Every structure is written in C-alpha cells, then in structure tokens.
Amino acid sequence: MNAETYQIRRRWALALAAAVLLAAPWLWLTALDLLFPFPWERLQRPPAVVVTDRQGEPLRFFLPADQRWRLPVKLSELPPEVRRALVASEVQRFYSHPGVDPLALARAVWANLRHRKVVSGASTISMQVARMADPGRRTLRSKVRESFRALQIERRYSKDRILEMYLNLTPYGGNVEGIGAAAWFYFGKGPDQLSLGEIALLTALPRSPLRYDPTLHPRAAQVARDRVLGQLASRGVFSRKELDAARREPIPRIRRRPPFLAPHFTEMVVAQLPGESRIRTTLDRSMQAIAESQVARRAKELRDQGIGNAAVVVIDNQTRGVRALVGSSGYRDTYFQGQVNGAVARRSPGSTLKPFLYAMAMDQGRLVPDSYILDIPTDFAGYVAENYDQRYRGRVTVREALITSLNAPAVRLLAETGLGDFLHLLQRGGLSTLDRPPGRYGLPLILGAGEVRLLDLVNLYATLAQGGRHRPARIIEGKTEGKTEGDGKIHAEPDPVVLFSPEAARTVTEILTDVRRPDLPEAWDLTRDVPGVAWKTGTSYGHRDAWAIGFSARYTIGVWVGNFDGKPRKGISGSQHAGPLLFDLFRSLESGGRGPLKPEGLERDEIEVCSLSHQLPGPFCPDRLRIAYLPGRSKLTACAIHRRMLVDAKTGELLAGDCVSRRPHELRLFTLYPPELVAWWRSQGNPAQDVPRLAAACEGIPDGEPPRIVSPDGNTPYRLRRDSPAEYQKIALVAQVSPGVRHLYWYQDGSLVATTEAATAAGRFLAPVRGEHRLVVTDDLGRSDGVTYRVE
C-alpha cells in the first residue's frame with residue numbers, strides 16, 4: 001500500500017467516525033423513541049362543545065366526559081401579544097433550543113445547589129407540554145423523563161404547534177384548561193379580544209393556579225401579573241406606555257358562569273352534530289330572548305286554565321334558518337316537565353294539515369277557492385266526521401271550509417284525492433314522523449290522527465310562504481343542511497322540492513290571510529297592529545294539543561300549547577289558547593313590519609260560472625258570475641244542477657217514451673242538487689226540489705220509482721227484551737229500490753246513521769233506542785221515503 005492510498009483511506013475512516021459520533025445522539029434518540037413511545041393521544045384531549053348564535057356569540061358550553069372546560073384555539077386566532085409575552089417571560093430561546101435549553105438547565109442546577117433547594121426548574125415550554133401529557137412527581141428522574149419527552153415532541157411538531165398545544169393544555173385553576181376557556185371564565189370574552197394586562201395575568205396564572213387565582217387571591221394575582229409585566233419591560237418587548245396601561249387594568253374578582261341560553265335548541269344541535277367542537281347556528285339571540293319572554297308570560301295565564309306548557313319555533317322564510325326555538329316555558333321547571341323539548345315532541349297536529357290538502361286538490365284541478373263542496377255527515381265504513389261545533393252547513397265554498405276549518409268537507413276531499421298521495425306529499429314536505437302505512441292513519445289523518453313535530457310543521461308552512469318550494473329547515477349558519485336521517489346526521493341538502501304550484505300555494509295563502517272568520521269573531525282583535533299574516537289554528541282530538549301557525553313575508557312562526565304528560569284540557573282551542581301568543585310574537589318580531597302579506601306574482605284570473613253551482617255554465621243556467629281560478633290547472637266541470645225535463649203541461653208529471661206525443665207537454669227547468677245534500681236537507685226538515693213522479697201512462701223510464709222503506713215498520717212498535725242480549729235486538733234497514741239506484745242514505749232524527757249499497761237487501765242494522773224516531777231514506781237520484789216508528 002503506498003502512502004497516497006493510505007492517506008485517502010485514513011481520511012475516509014476519520015470522516016466515517018465523525019459521522020457516527022455526530023449521528024449517535026439521534027440514533028440513540030430514535031432507539032429510545034421506539035423503546036419508550038410518547039403517549040401522543042394524551043395531547044388530544046376532548047374539548048368542550050361551544051354552540052353559538054348566528055353572530056358567533058356563545059349560547060351554551062357542553063362539558064366533555066372528563067368535566068374539564070377546554071375551548072381550543074389556534075395560535076393564528078390569538079393576538080400576537082400572546083406569543084410575544086409568553087416566549088419573552090417563559091423561555092426566550094424557545095425558537096432556537098431543541099426542546100431542552102442547556103444554558104437554562106446549567107443555570108438552574110447551579111442556583112439549586114447554591115440554595116440547597118429547588119428554586120429554578122429550567123423547564124422549557126416543550127418540557128411543560130411533556131409534563132402535562134405524562135405527569136409525575138417533581139424529581140430528578142422525572143426531570144430527565146420530561147427532557148426526553150420534550151425531545152420527542154420537538155422531533156414531531158413545529159415550534160408554533162408546540163406553543164399552540166401549550167396554550168390549549170395548560171391549567172388555569174379549577175377545571176379550566178387552556179387560554180380559550182380562561183379568557184371566557186375570567187374575562188367573559190374570546191381569547192382574540194384579550195388585552196396586554198389580561199395576557200400577562202394568564203401568562204402568570206399557570207405557574208401556580210391556586211396561589212394566583214384572582215377570584216381567591218386578587219392581591220397575589222396582581223403581584224404575579226405585574227412581575228410578568230416587569231419581565232416584559234426589562235426585555236424591551238413592549239413600550240412603556242403599553243405596559244403602564246396594562247398595570248392599570250383591574251384584576252377580575254369573579255369567575256364567570258358558562259352561558260346557558262336556548263337550552264332546548266342547543267341540546268338538539270349537539271345531538272345532531274356529534275364530534276363538532278364549535279357549532280355556529282342560525283339562532284338570532286334577540287329573537288330568542290323575545291320568544292322566551294313571550295312564552296313565559298303567556299304560560300302564567302295558560303296554567304290558570306289547566307294548560308301547563310308552550311313551545312315556539314320561528315323560521316326565516318328566505319333562508320329556512322331557525323331564528324328562535326323555545327321548547328318549553330321554563331327549562332328548569334321540573335313540575336311542568338320543562339326539560340322536554342316541545343318543538344320536536346311528536347304531537348297530534350289537529351286541523352293544521354288542511355291547507356296542504358286544499359293546495360294539493362287545487363293542483364289536481366279539483367277545486368278553486370269558490371268551488372262548492374259538501375259539509376254533511378258522510379259514512380266511510382262506519383266513520384262519520386263531525387265538525388268542531390258539531391253542526392253541518394250543507395254546502396260551503398272551499399274558502400269557507402278552510403277559513404272555518406270544517407272537518408266533514410276535509411275528510412270527503414281526502415277520500416277523493418287519495419289518502420296515500422296526501423301522506424306521501426306530507427312526507428316529502430319533511431313530516432318524517434308520519435312513518436306508518438296510510439291504512440294505519442285512515443281518513444282521520446287530515447284531522448290530526450298522526451303525530452308531527454312543531455319544527456317540521458312550521459317549516460312546511462314556510463313552504464307555502466315560498467310559493468310551494470320546499471327545503472329543509474337549517475340550524476347551522478353558513479352551511480346548507482339536508483334532512484336528518486336515521487343515523488342522526490344531517491346530510492347534504494338536495495335541490496328544492498316543488499310540493500305545490502306557485503298558483504296553489506299563493507291561493508291558499510290568500511285565503512289564510514282573511515281575518516273575517518265566522519268561527520272566530522275576535523280575529524279582528526287578535527290580529528290588530530300585526531303585519532299581514534296568513535294563519536291557521538288547530539286543536540287535536542281529545543283536547544290535548546292546541547296549535548297556531550302563521551307566516552308573514554319574512555317569518556313563519558308556530559306555537560304549540562298543551563301538557564307534556566298528555567293530560568287533556570276540555571275546551572282547549574288553537575284560536576283561543578295558541579293564537580294570542582302567535583300574534584304577540586309577530587307584533588314583537590316584526591315591529592314596523594313590511595305591510596300586508598301580498599302573495600308575490602299572484603294574478604287574479606277569472607272565469608265565468610253558474611251562480612248557483614259555481615261550475616262551468618250550461619245552456620240552462622239562468623244567472624252567471626265570475627270567480628277566480630288557476631289557469632292551466634283548474635278543471636271545472638259543466639253545471640249539473642240545472643236540468644230541463646219534459647213534463648205534463650197540466651199535472652207536472654214526468655213524461656218519457658211515446659207518451660210524450662199523446663199528452664200536452666212542456667219543457668220545465670229543475671234545480672236538482674246532489675242526492676246526498678238533498679237527503680241531509682230533508683233529514684233536517686228542509687224542503688228540496690225532487691224529480692217529478694213518472695206519469696202513470698208512461699213506461700220505460702230508467703229512473704223508476706222512489707225508494708220504499710220495508711224495515712223498520714211504522715205500524716208495529718219494537719219492544720226491547722231484558723232477557724236477550726242487545727246485539728240480537730238490532731233493527732234491519734231495508735228498502736225497495738228501482739233499477740239504476742246505487743246508494744241509499746239513511747237519516748234518523750236528522751243524523752246520518754248509515755250509507756248502504758242499494759243492491760244489498762239489508763246493508764246495515766240499527767241499534768234500537770227507546771222512544772219515537774223519524775227515519776228518512778234517500779237514493780242517489782234524490783228521491784226519498786220516510787217512516788216514523790217507536791221503540792218501547
């Protein structure tokens with residue numbers, strides 16, 4: 001080997017040895033890191049959940065499982081003075097040391113040896129983060145472990161991230177951890193609004209959270225703060241003017257309580273958005289306060305009447321944001337189950353679904369506002385709907401039926417439009433609690449036979465306010481939410497669903513703005529000084545729930561009153577008990593409002609109809625008028641009431657066939673109403689024009705003779721026997737009818753008792769009741785027979 005080769009190899013060997021020596025610490029650290037892994041999960045502590053209003057102001061905090069107040073913040077969200085003050089007062093070489101400061105460590109060892117006790121710890125911020133993640137007794141061994149853990153932290157995170165972790169984990173007294181929570185509980189503000197004096201106090205407080213607690217030891221806290229300010233002055237971090245102003249700042253004397261606003265709403269939000277630490281909602285703080293105040297005031301009056309609670313929802317029509325939600329009259333009122341959230345409780349909606357049925361029927365072309373519909377007792381397989389006042393009116397317009405909330409016409413209309421289609425429409429409109437098959441609800445669905453949530457129902461009314469375009473209600477500000485599915489999460493909102501045509505929605509809106517309501521004479525007083533509002537009330541069967549829901553150009557508001565335990569209150573009424581609160585809310589929330597509610601874009605198109613039937617005029621309609629209709633949707637039929645018939649000029653009997661040519665005759669105009677209506681009129685003792693009897697010499701008319709009652713028999717009294725069960729003593733309803741007759745309507749003492757098929761010999765049986773009774777039967781051609789019988 002020559003000398004040159006030897007020198008080259010020697011240089012390589014020295015270089016390798018130097019590399020090994022230089023890499024040895026990191027190799028050892030890597031090996032130790034594998035042997036003693038850092039408990040990284042302890043740096044990810046569960047935060048408290050902060051729910052804010054639409055402006056970002058806190059409504060309520062929710063503690064995590066370990067009951068520690070943590071409100072994490074990012075370093076970029078803090079004032080720059082926080083970083084400058086902390087680094088200058090804690091470890092000036094924070095950005096240059098590797099996690100352990102050798103100079104500070106040497107100085108601390110020397111100081112401790114001189115004083116023969118621990119007077120300086122030399123802990124860097126990284127070492128303090130390590131101690132918070134892996135705590136232990138303060139010994140030399142623990143100090144070595146902290147140093148090692150600090151090196152592990154420095155290998156993994158940037159300096160700013162370590163500083164951020166420190167600020168979010170450090171204790172500030174009691175169960176308050178992190179600068180975010182400390183800023184709120186000591187100063188009642190967000191950490192981004194901290195002043196220099198407040199920053200100095202929060203810099204000193206973690207050094208001894210109990211000793212420097214300003215609420216317990218204000219003098220010690222002030223001394224510690226001023227000591228930090230002195231350090232900052234000596235190190236030239238801030239100007240003298242800034243530091244002097246900071247020293248003059250007062251020390252907080254009380255720890256603020258966490259906010260507790262809109263408790264029902266915030267609990268609902270947290271339940272729907274698990275895992276979120278800060279949730280900015282759509283709630284308007286001032287509107288919520290007004291709503292809570294109005295509910296509390298009204299609840300005092302209601303409780304004197306046996307009604308324990310109330311709930312309110314306010315939705316912004318344009319955005320569908322929930323601006324206020326009051327679940328009860330008092331969250332802490334245990335006697336009246338105040339923690340129950342009435343805004344999302346499943347309750348019977350009463351008559352509040354009727355506007356949607358009429359809108360659907362208008363879109364199907366069946367009705368216009370002035371169409372006549374029947375308000376008479378109608379038998380649907382044994383079910384006969386009764387109106388709230390237990391009276392029938394015979395024939396009413398759609399407008400009258402909806403304004404006075406008549407039950408019988410609504411049930412008849414639901415039977416015509418289709419129960420399944422209507423239920424599907426409600427489900428598409430967000431009433432997800434109507435989750436049973438149509439047959440489980442039956443026709444009483446339109447009267448409240450299902451269960452809905454106030455929040456969902458108010459949002460469906462907002463759909464009417466928005467011209468029939470449906471979108472889910474929103475609870476998160478700045479985000480678009482969708483429907484809450486079974487997994488409890490809110491999924492992305494689909495495109496708006498068109499539930500009703502703009503024409504149908506606006507026509508129903510126009511009807512509901514009318515305050516001239518015969519069933520509610522005080523409506524004028526209720527709505528005094530209220531901006532234009534379309535509104536509907538409802539009362540559930542069994543006297544358990546009362547509703548009032550209305551919408552203006554801007555808001556839709558819903559009110560529910562009742563008892564959470566289901567206790568009925570006889571006489572409870574949506575108009576009497578929920579309506580006043582509804583209009584008080586509109587007065588308060590829309591003071592100086594936007595004028596009357598005028599459905600946008602509603603053009604009043606009119607069509608000529610028969611003045612008596614409100615159908616398209618036929619050739620025999622003597623009088624006509626013009627009514628509003630929905631162009632392109634309304635499918636009016638020709639008038640069927642006015643009919644001309646050939647009759648005998650002398651006797652007035654009906655002529656048919658070849659007997660017309662043998663007798664003097666003339667065409668005479670008859671007004672023939674629907675047979676069901678005629679039957680009801682006659683059961684009430686009111687006259688009604690009938691088809692004239694067929695002349696004796698005429699044959700072959702398909703209508704034949706009127707019905708004749710066979711049973712019961714008016715000549716023989718019926719006697720009830722005590723030795724025979726009641727079910728074996730019923731009276732058969734039997735009548736002889738002519739060919740072509742399909743249905744018979746039986747009325748006893750003015751009340752409908754049965755509707756039977758004419759082809760059935762004995763379609764129904766009647767339970768006997770002692771006394772004298774008048775029984776009338778009418779066929780579907782309007783012809784009648786009656787009998788008076790007696791039960792003894």
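Which residue lies over the face of Trp40? In this predicted model, that position is taken by Arg156, at 4.3 Å from the ring centre. A comparable arrangement involves Arg303, which lies over the face of Phe336 at 3.8 Å from the ring centre.

The chain contains 22 helices and 27 strands. Of its 792 residues, 51% count as buried. The accessible surface comes to about 38,500 Å², and carbon and sulfur atoms account for 52% of that area. Among contacts with a separation of 6 or more, 67% are made by residues 24 or more positions apart.

The nonpolar interior was examined next. In soluble globular proteins, nonpolar side chains tend to be buried together. The largest nonpolar core of the chain has 75 residues. Phe265, Phe356, Tyr358, Phe422, Leu426 and Ile446 are the residues with the most contacts inside this core. Its largest share, eight residues, is contributed by helix H18, which spans residues 454-465. When neighbours within four places in sequence are left aside, Ile446 is in contact with Gly350, Ser351, Leu353, Lys354, Leu357, Ala410, Val411, Leu414 and Phe422. Another core lies apart from the largest one and has 59 residues, including Ala130, Phe187, Leu194 and Leu196.

Aromatic rings were then considered. The structure holds 13 aromatic pairs. One of them joins Phe356 and Phe500 in a stacked arrangement, with 6.2 Å from centre to centre and 10° between the planes. Phe356 belongs to helix H13 (residues 354-363), whereas Phe500 is found in the loop between strand E13 (497-498) and helix H19 (502-512), so the pair ties together parts that are 144 residues apart in sequence. Both rings belong to buried residues: Phe356 has a relative accessible area of 0%, and Phe500 has a relative accessibility of 1%. An edge-to-face pair is formed by Tyr718 and Tyr789, with 6.0 Å from centre to centre and 85° between the planes. This pair links distant parts of the chain, 71 residues apart: Tyr718 is in the loop between strand E21 (708-711) and strand E22 (731-736), and Tyr789 is in strand E27 (residues 784-791). Tyr718 is partly exposed, at 24% relative accessible area, while Tyr789 is buried, at 2%. Ring pairs also link Phe61, Trp69, Trp184 and Phe185 into a cluster.

Helix H22 (residues 675-683) is mostly covered, with nine of its nine residues buried. These residues are Pro675, Glu676, Leu677, Val678, Ala679, Trp680, Trp681, Arg682 and Ser683. They pack against strand E8 (372-375), E11, helix H15 (407-417), strand E23 (743-748), strand E26 (771-779) and E27. Strand E27 is also the element that holds Tyr789 of the edge-to-face pair. Just after H22, Gly685 takes a positive phi of about 80°.

Positive phi values also appear in residues other than glycine. Most residues other than glycine have a negative phi. Gln390, however, has a phi near 60°. Gln390 is placed in the loop between strand E10 (383-384) and strand E11 (394-397), and the residue is exposed, with a relative accessible area of 62%. His543 likewise has a positive phi, near 60°. This histidine is located in the loop between strand E14 (534-539) and strand E15 (545-551). With a relative accessible area of 31%, His543 is partly exposed.

A buried polar residue in a loop completes the description. Asn317 is situated in the loop between strand E6 (309-316) and strand E7 (322-326). Its relative accessible area is 1%, under the 20% limit, so Asn317 counts as buried. The side chain of Asn317 reaches the backbone oxygen of Ser552 at 3.0 Å. Apart from its neighbours within four places in sequence, Asn317 is in contact with Ala462, Ala465, Gln466, Arg471, Ser552, Ala553, Arg554, Tyr555 and Thr556.

Conventions: Residues numbered from 1 in each chain as written. Predicted model: local features only at pLDDT ≥ 70, side-chain atom pairs only at ≥ 80, totals over all residues. Heavy atoms only, no water. Helix = DSSP H or I, 4+ residues; strand = E, 2+ residues; numbered from the N terminus. Buried < 20%, exposed > 50% of the residue type's maximum accessible area, 1.4 Å probe, protein only. Phe/Tyr/Trp six-rings, centres within 6.5 Å; stacked < 30°, edge-to-face > 60°. Lys NZ or Arg CZ within 6 Å of the ring centre and 35° of its normal. Contact = heavy atoms within 4.5 Å. Areas by Shrake-Rupley, 256 points an atom, 1.4 Å probe, with all protein chains shown as cover. Polar contact = N/O pair within 3.5 Å; in protein donor to acceptor, adjacent residues only side chain to side chain. Core = buried A, V, L, I, M, F, W, Y, C linked by side-chain atoms within 4.5 Å.
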